[in-house]
Each structure stands twice: as C-alpha cells, then as structure tokens.
Amino acid sequence: MNSLFLPSEKPVEEALSGLALAHPGLLTLHEDPLYVTARERHPDRRVGLVSGGGSGHEPLHTGFVGAGMLDAAVPGRVFASPHNRQIYEASKAVAGPDGVLHVVKNYTGDRINFGIAAERLRADGIPVARVLIDDDLATESDQTATGRRGTGATVIVEKLLGGAADAGAGLDELAGLGARIAAASRSVAVAARAQTSPARGGEAFPLPAGTLEYGVGIHGERAATTVEHPGFEQLVDRMTHQVADALPAGARSVLLLVGGLGATTLLELHAVHARVSRLLGERGLDVAGRLVGTYVPALDMSGFSLTMTALRDDWAAHWHAPARTVAFPAQEAVR
C-alpha cells in the first residue's frame, strides 16, 4: 500500500501485530496463517463466531473480537478477501461443541473463500453455517447480479449474535437469528472525497467540488450517480427517510449506527446523529441503541453512512449484553 504511515513490506501483518501488542488481555495473534482470536469466552457459548474481510475497514473485524462478540477475525489484504486457509484455521481454532458460524459480508471474494473454508470444515466433521450481510440500499437493484453489498449492519449482527451465543444458542438458532437481523437491516453511504488509492497514492477517483457520491461502497466503489451537495439538512433528511422507508413494515424501534468512512470527524458525525434522531422520533421510531463513530471505514474516505436495524423485543437483551473488545463501546445504563 502506498502510504507514508505503513511499512512497504507486510503492512497488514505489522498492523495486526501492533493491535495484538496493544491489547494483550483481549487478543491472541496467529501469524501463519494470519488471524486473531479472543482470549476470553463465555462458558455457555457452544458455537464459535468467526468473521473477516479485507483490511482498510478497521476496527472491522478485528476490533470486535473478544468476550461477547467474535471469537476470531481473519483479515485479508487491503480491500481483498482473506484466503480460505486463514478462515479454515481460525474456524478450527474457535469451533465450539456445536460448531462455528461465519458472518460474511456480501462480496464475491468473501463468499467464495468462506465457502471453501466451510467445505473443508464439514469434511473434518465440524458443523458450520453462514450468515450473509446484505444491507446496502445503493446496490438493491434487479441489475445488480450480486445483490446488496454488506456494510455497516455487520457490526450490529456481530453484537446481537455474540449476545445470543453467550446465552447458549446453538448453531441453527444463531444462523436463523442472524438471517433475521440481516433482513431487518438497511444502510446507505455518501462521500465527498474518495479514499487514498492503495496502489498508486492520491485520491482513488476525482470528485468535482460541491458534489457527493450518493450510495458509495466501503471499498471505495463509486456510486451510480454523482449529485450536487444539497446541504446538511436536506442530505441527512434524504438518507434518513430512505433507510427508514426500507425497514420492515411495522417497525417501532431501531438500532442506529452513524458511521464515519475514515476522514469524517466526530463533530460532524454527532451533528448527523442529532438530526437523524429527531427525524426518527418524528416518524414514531424509538432509537433503542446507538453507535456513533468510525466502525466500518473505507481507509480515509471523507463521508458517512447510516445503518438501521428494526429491533425486535427479544433481541434487546443481546444488544445490552456485556462485551469486551477493542472497539465496541461499553454499554451505558438506560436512564
């Protein structure tokens, strides 16, 4: 990767080594092949939870490894799927008595490599299932052969499944729950400046001043359209209503993630969060849980995403269940 702040040789390996060194009580680093596992595990957990994907989206997924969330995470190269051997070895290392569940974002490389790893695990007699995350409204089209991309809902799925796994849920139960959470989740993202190109440096694609990519992807995929920036209020209103309109009918409360794409400040994200919260309240939607910050970036892209999950009453306990990871915030008491 062309960067002044990453080594030219083995940047992902060095970064993961640094993460593990910074959090020795949470993570164990495995170098050949490369993955990290959690040092703590709830005694009632019967299924190992494994996720992964391309680097450049940190803290996803490695920042969510730990008690109450993932048992292992597998990083690929920047914006590239991890190799199936990494996924296979990580899954073997953390499989429980009821097997292992893969949390997979809907990208072709991820689906292929997690699929190969799953075949190898089954050949070893290890039960395995998959939850596919496909929340991105920008790719919800009959012309998109691969279907909706997986984006910010991944964090919400990982947290809810972690709580359910710690409550002793089995493999089929977790797979069914994950599918329902994914189906209840939708996202959209915008960008005013592209990420730095990992290959050549400089912006990955040009954007004229005063314009936005509406519906950008987390790997820096360009949106179908470039639009004039309509101003803060109009932009946030459009995104909020688009995502809320796409939720299942009858939704009464939501989990909300306002996520930076890498170069967006907390000043901006909290302003977005305040307006989104007011708009949802006007629609009669209760925000039962919130995340505001950089959770699924695209390197250093300047932009933000909105993710909402229509929350069922029986999922709330999983959201508020304890979790101890590098990046998931401590749950605050509800007043």
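**View 1. Residues around the second largest cavity of this predicted model**. Here you are looking at a cavity lined by Gly 52, Gly 53, Gly 54, Ser 55, Glu 58, Leu 60, His 61, Thr 62, Ala 73, Val 74 and Pro 75. Its volume comes to about 50 Å³. Both β3 and β4 contribute at least two residues to this lining, and the largest share, 4 residues, belongs to β3. Sorted by class, the lining has 4 nonpolar, 6 polar and 1 charged residues.

**View 2. Cis peptide bonds in the loop between β3 and β4**. Take a look at the bond that joins Glu 58 and Pro 59: it is cis, with omega at about 20 degrees. A cis bond also joins Leu 60 and His 61, where omega is about -5 degrees. Pro 59 sits in the loop between β3 (48-55) and β4 (72-78), and His 61 is in the loop between β3 and β4 too. Glu 58, Leu 60 and His 61 will be familiar from View 1, as they are among the residues lining the second largest cavity.

**View 3. The open sheet of 6 strands**. Follow the strands across in the order β1-β2-β4-β3-β5-β6, and you will find mixed pairing. β1 (27-31) and β6 (128-133) are the edge strands; each has a single partner strand, so one side of each has no neighbour in the sheet. On average, neighbouring strands are turned by 20 degrees against each other, direction ignored.

**View 4. Strands β5 and β6 with helix α3**. β5 (residues 100-105) pairs with β6 in the parallel sense over 6 bridges. To find your bearings, start at Val 103, whose bridge partner in β6 is Val 131. Helix α3 (residues 108-123) lies across β3, β5 and β6, and runs at about 170 degrees to β5.

**View 5. Positive phi at Lys 10 and Phe 79**. Lys 10 is not a glycine, yet its phi is positive, at about 50 degrees. Lys 10 is found in the segment before α1 (11-22). With a relative accessible area of 57%, Lys 10 counts as exposed, the cut-off being over 50%. Phe 79, also not a glycine, has a positive phi of about 60 degrees; look for Phe 79 in the loop between β4 and α2 (84-94).

**View 6. The largest cavity**. This cavity has a volume of about 80 Å³ and is lined by 15 residues, with Thr 151, Gly 152, Ile 218, Leu 261 and Ser 305 nearest its centre. β7 (185-193) and β10 (253-260) are the elements that give two or more residues to the lining. The lining residues divide into 8 nonpolar, 6 polar and 1 charged.

Terms used: Residues are numbered from 1 along each chain as its sequence is written. This is a predicted model: local features need pLDDT of at least 70, side-chain atom pairs count only at pLDDT 80 or more; totals for chains, interfaces and linings use all residues. Side-chain values use heavy atoms; hydrogens and water are left out. Two strands pair if DSSP finds at least two bridges between them. Axes are lines fitted to C-alpha atoms, for helices over the stretch in contact, and angles run from 0 to 180 degrees between N-to-C directions. Contact means heavy atoms within 4.5 Å. Buried means under 20% relative accessible area, exposed over 50%, partly exposed in between (1.4 Å probe, protein chains only). On a 1 Å grid over the protein atoms alone, a cavity is a set of points where a 1.4 Å probe fits but cannot get out, and a pocket is an open set with protein on both sides within 12 Å along at least five of seven lines; lining residues have an atom within 4 Å of a point. Grid points are joined across faces, edges and corners, and a volume is the space filled by probe spheres set on the points. Ala, Val, Leu, Ile, Met, Phe, Trp, Tyr, Cys and Pro count as nonpolar, Asp, Glu, Lys and Arg as charged, and the others, Gly among them, as polar.
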